[in-house]
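Here's a walk through a protein model, starting from one small backbone oddity and working outwards. Keep the viewer open and follow along.

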Amino acid sequence: MKVSLLRRLWVTFSVWVIGCYASALNRFTVHGAERIPGSGGVLVASNHISAYDTIFLPWAVIRRHPLQMLWAPAKEELFQSRFMGLVYRSWGAFPVRRGRDIRAGKQINALLADQKVMLFPEGTRHKDGVLGKGNRGVGKIIYDTRPQVIPTALTGVNRWKFPALGAQGAVRFGHPLDFSDLYALEDCKETHQLIVDRVMEAIASLLQQDRGSVDAG
């Protein structure tokens, strides 16, 4: 998908402003960003603990890859305000209806041919920081598109209250996951579940690494 230079400049500038708030006024740290590929279809698959996730994840990715986009499906209620809808769209978010949204699914698949996309496999926020079960639909997306999947763990930001000052938080990116053994299996619900289970296991492992420094719950 072609994106104008002006839009990419806006996204890069705005995420740096947010980054100053996150890391200068607070203590939000980024680990493993060098593991995010610079090109090709990339799926950043993260746990979901706060509304801040949809702001800080783009910053953590784009600070490493300026002038790129991190596309993200978002619930359609966020676009009810015309102004906020324009803001969200300018960042790369696009509306998704609750339940099965075939059009949004096709858009995600098309983007993953050569773009970076952010997804929360749990499908909803878990404010207590406890990792939920992965949605089988994410496994289907991975099976169909074969992107580079980066497991991602967010910690601490579920305790932030705006305007936070001196608050702790972190994002940790894992190594790209290998699904070659699962891609050899039949295209079915069981295979899709095995794929997303592997993603969730990787996220759980990353969360365990950060529990000593940032309270995930």
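Leucine 67 is partly exposed, at a relative accessible area of 32%; here buried means under 20% relative accessible area, exposed over 50%, and partly exposed in between, with a 1.4 Å probe and protein chains only. You'll find leucine 67 in the loop between H2 and strand S3 (70–75). Its phi is positive, about 70°, although leucine 67 is not a glycine. Most residues other than glycine have a negative phi.

A word on what you're looking at: this is a predicted model, where local features need pLDDT of at least 70, side-chain atom pairs count only at pLDDT 80 or more, and totals for chains, interfaces and linings use all residues. Residues are numbered from 1 along each chain as its sequence is written, and side-chain values use heavy atoms, with hydrogens and water left out.

Arginine 146 also has a positive phi without being a glycine, near 55°. It sits in the loop between H5 and S6 and is partly exposed, with a relative accessible area of 41%.

Now step back to the whole fold. The protein chain has 7 helices and 7 strands, taken as DSSP runs numbered from the N terminus (helices are H or I with at least four residues, strands E with at least two). In sequence order the pattern reads α-β-β-α-β-α-β-α-β-α-β-β-α-α. Is the chain's radius of gyration in agreement or at odds with that of a compact globule? For 217 residues the globule would come out near 17 Å, and the protein chain has 16 Å, which agrees; the radius is taken over C-alpha atoms, and the rule is 2.2 Å times the number of residues to the power 0.38. Along its principal axes, the C-alpha trace spans about 50 × 40 × 30 Å.

As for packing, 50% of the 217 residues count as buried. Take contacts (heavy atoms within 4.5 Å) between residues at least 6 apart in sequence: 76% of them join residues at least 24 apart.

Helix H2 (residues 53–62) is mostly covered, with 8 of its 10 residues buried. Among them are Phe56, Trp59 and Ile62.

Helix H7 (residues 189–210) is worth a slower look. How far apart should the ends of its 22 residues be? At 1.5 Å a residue the expected span is 32 Å, and the end C-alpha atoms are 32 Å apart, which agrees; that expectation is 1.5 Å times one less than the number of residues. Its buried residues include Ile195, Val199, Ile203 and Leu207. The cover over the buried residues of H7 includes strands S1 (27–31), S2 (42–46), S6 (148–155) and S7 (168–173), along with helices H5 (136–145) and H6 (180–183).

Two residues of H7 show this in detail. Threonine 191 lies in H7 and counts as buried, at 3% relative accessibility. Leaving out neighbours within four places in sequence, threonine 191 is in contact with Tyr143, Leu182, Leu185 and Glu186.

Aspartate 210, also in H7, is buried with a relative accessible area of 1%. Not counting residues up to four places away in sequence, aspartate 210 touches His31, Thr155 and Arg172. Its C-alpha atom is separated by 9.1 Å from that of leucine 154, though the two residues are 56 apart along the chain.
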